[in-house]
Amino acid sequence: MMLNQLYRSRFEFGTKAETLRALSAHEGRFEIPPHLFLTVDEWRSNHTAVLARIVANFGFDALVAVRSSAHDEDGAGRSAAGAYDSFLDVPVEPGRLTEAIEAVIASYGPTGCGHDQVLVQTMVRDVALFGVAFTLGIENGAPYYVLEYDDVSGRTDTVTGGTNVHKCVHIHRSAPVDALDSERLKVVLRGLRELEHIIGGVPLDVEFALDSQDRLCILQVRRLTALLVETAETSRKVERALLDSGRLLEGLKSTPSPLAGSDTQLANMSDWNPAEMLGVLPRPLAASLYRALITRDIWARARADMGYAPLPDCELMVLLAGHPYIDVRNSLNSFLPQGLEDGQRNRLVDSSMARLSAAPELHDKLEFEVAVTIFTPSFAADMERIHGSALDTADRASFEAALRALTREVVSTAADSSLVRAETAVAALAERQRQAAATNLAEASAHALLARVKTLVGETRREGTLPFSILARHGFVAEAWLRSLIAVGALTPERAAAFRASIRTVAGELCQALSALASGTLAPADFSEQFGHLRPSTYDLRSKRYDACLEQLAGGRPAEAELTSFALAADEHTAVARSLTETGLEALSPETLFDYFARATRGREYGKHVFTRHLSDMLETLAHWGHHQDLDREDLSFLTLDRILDEMTAAGPDESGRRLAGEVEARRRAWTDCALVKLPALIRGTNDLVIVPQHRAQPTFITAKTVKGAVRYLDARDWDRTLPLAGTIVCIEAADPGYDWVFSHEIAGLVTKYGGSNSHMAIRAAEFGLPAAIGAGEMLFDKVRNAKLVELDCAEGFIGTA
């Protein structure tokens, strides 16, 4: 059922200007700024009289907005949002007014008519917050208020124009106003609900401003068009998912735990950052592989092997409505050294939890800003910054002694150290892979294929992800030490960067190989032997391997990083040696320390490269098994690893195939329902299930499609050099209407650095059904911009690059 059939409104919409005039009679929790409108015919017949009317209404000292208000702009069946020009901060002066009005009328083009209007509106003064709100989710009609707002710049065009980094919050429609922390957002939500009461439930797109006195000013209101579908069943699905998630969350918080800490929180980018590795809504197979290979127990075993306190049986990752999260209490416990008393452990974990709750933006910086996980030269300052007065002198002394002992064991390149043991294990697995005979998967039986998968899982856990997890932790330790040496003045940031640039990892080797492949000096078969197993989405069966995309990878010459040598200067050597002595690591020389840093960094990258070969082969074996069951890769992605392996005891392929096909469809529907649910990056309590702030670097994904393509970056100065664009993923800085021409070039997808769910490009992409990631943020945008190949998976909220 379409929205315009679902709702019957008591309120009569007109043009943008007429709608505001009608709402002026209902001011209460909101205000309509003084305004007037004129028709094109009125302007053409006597513009002098029109100018005089504007001056009389607003006065010569005023600033006004001159906005479009065409009859085809805000209809019930379609929206032309952003199609016509508007101008802000126009002085009430005949010449400037004439220029702005003429420009708006000209933007109507040949389809304009004499009855089209121009809205003139007082500019809101002392803007504290400006934003745009949808009263339903733009992607799928889910039951959320979506507020995109700027509470920094004081401008009223940053959100709609996509010209700035702004904030976004999804508020479930059942959420009580008092669940919001922000008093200003409470004012906005009350105003939106009053608007809905007046208008009669029609889904709305509202532009608003809040002044310094917290007066809510409504600048424009339009209906959401028929691109959205919403039913009562959609709301019920979301409510059921939130109830189930709430019960799981309460269980995690209230059930007595053998671990330290009185409470827990859930974060999607802490520790093993599942949102980055899997996406915010992975398919069941990908999530189950991650669990089996890392988050079930390998993560904790690796840290215990390094000397951290061993944990009782507990898992690191949980799924809420299909969204993966790290149990932060479990994570923090795994970073505690051995030898602490229970009370000390509790106080450390509770202190870290309190810091994270007060500063949610730190959720992806757990090891550096929320907990002290290794002893470094800046230990005292780090303890003061992170824990403050949470620990008394005795507690701090005990923690320091335990952490010093752990650090002496961890920061080592001795033959029996955990670093060297992990390096040796990875090297052994790599050698086994080189010696392994090729397997003809096409001729193997279904049972033999599953037996191979089971073997690969066991080998990957023992010889792949376990040593890799150790190496990954060593990589974090190395980075913590480098940051600490900078903090105490032993090294400058520039010199630390120079050291990092001197480390040649397998990623640098890949860059060299791509260059050689592009130039023809490396045969495709040789490239595939080294790197063919890699895929943009490591755990996703549907993601193509490099050896299936050689033509795309060989299409150009990737830039190679210039490798430089590094040696400590005399003063640096002295300062580092002093830091080693002060931390109790005087047995290490500065050269050995930096060798440790380099080996930890290289080992982490190489360990991942090696274990992912096993994982990639595992995925291909599963795909061949799927052929026996008439299940393609898309189908298989909805089954879990454990469920698939259960089929080793099934009666036969025919019965198995029929049974599994029904399960696939049921899981597909369940996953689709989970896609309606919005959840935040950090969940502190049940309020966070219904008040969902969007992390600034988390894009808004449009459609539920998946596309792959080469990247085309469009610069405003020389965009024509990037043609042709057909089939490419286009990257632009701002969600600006000036880029609308790209929609006529059969592009595969769109990524913008700035913009949000209510920006121009988001609406245009939704109307065209174009896969897009709007507002990727600087770091992710630059990563996409510099990639050779991009996979844009909008349903799972994931961008893979190669």
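**Rings, cores and one helix**

The charged end of Arg 785 lies over the ring of Tyr 713, 3.8 Å from the ring centre. A second such arrangement involves Arg 483: its charged end sits over the ring of Phe 368, 3.8 Å from the centre.

The coordinates behind these values come from a predicted model. Mean pLDDT for the chain is 87, and 87% of its residues reach 70 or more. Residues 1-9 fall below 50. Beyond near neighbours in sequence, that stretch has 21 contacts in the model. Residues 161-165 also stay under 50 in pLDDT. For them the model has 16 contacts beyond four places in sequence.

Now the rings. A pair of aromatic rings is described by the distance of the centres and the angle of the planes. The structure holds 17 aromatic pairs. One of them joins Phe 379 and Phe 399, with 6.1 Å centre to centre and 45° between the planes. This pair counts as tilted, because its angle falls between the 30 degrees that bounds stacked pairs and the 60 that bounds edge-to-face ones. It links distant parts of the chain: Phe 379 belongs to helix H14 (residues 379-387) and Phe 399 to helix H15 (residues 393-410), 20 residues apart. Both Phe 379 and Phe 399 are buried. Elsewhere, ring pairs join Phe 499, Phe 566, Phe 594, Tyr 596 and Phe 597 into a cluster.

Next, the nonpolar cores. In soluble globular proteins, nonpolar side chains tend to be buried together. Here the largest nonpolar core has 109 residues. Leu 147, Ile 218 and Tyr 539 have the most contacts inside it. Take Ile 218. Leaving aside neighbours within four places in sequence, its contacts include Leu 20, Phe 30, Ile 32, Pro 33, Leu 195, Val 206 and Phe 208. Polar or charged partners appear as well, among them Glu 31, Gln 121 and Glu 207. A second, separate core has 67 residues, including Ile 298, Leu 403, Leu 593 and Tyr 596. Tyr 596 is also a member of the ring cluster.

Finally, look at helix H16, residues 418-435. Its 18 residues reach 26 Å from first C-alpha to last, close to the 26 Å expected at 1.5 Å a residue. Which residues of H16 are buried? They are Ser 418, Leu 419, Val 420, Ala 422, Val 426, Leu 429, Ala 430 and Gln 433. An α-helix has 3.6 residues a turn, so residues three or four places apart point the same way. The buried residues of H16 pack against three helices: H10 (298-306), H17 (446-487) and H23 (590-628).

Methods. Residues numbered from 1 in each chain as written. Predicted model: local features only at pLDDT ≥ 70, side-chain atom pairs only at ≥ 80, totals over all residues. Heavy atoms only, no water. Phe/Tyr/Trp six-rings, centres within 6.5 Å; stacked < 30°, edge-to-face > 60°. Helix = DSSP H or I, 4+ residues; strand = E, 2+ residues; numbered from the N terminus. Buried < 20%, exposed > 50% of the residue type's maximum accessible area, 1.4 Å probe, protein only. Lys NZ or Arg CZ within 6 Å of the ring centre and 35° of its normal. pLDDT = per-residue confidence, 0-100. Contact = heavy atoms within 4.5 Å. Expected span 1.5 Å × (residues − 1). Core = buried A, V, L, I, M, F, W, Y, C linked by side-chain atoms within 4.5 Å.
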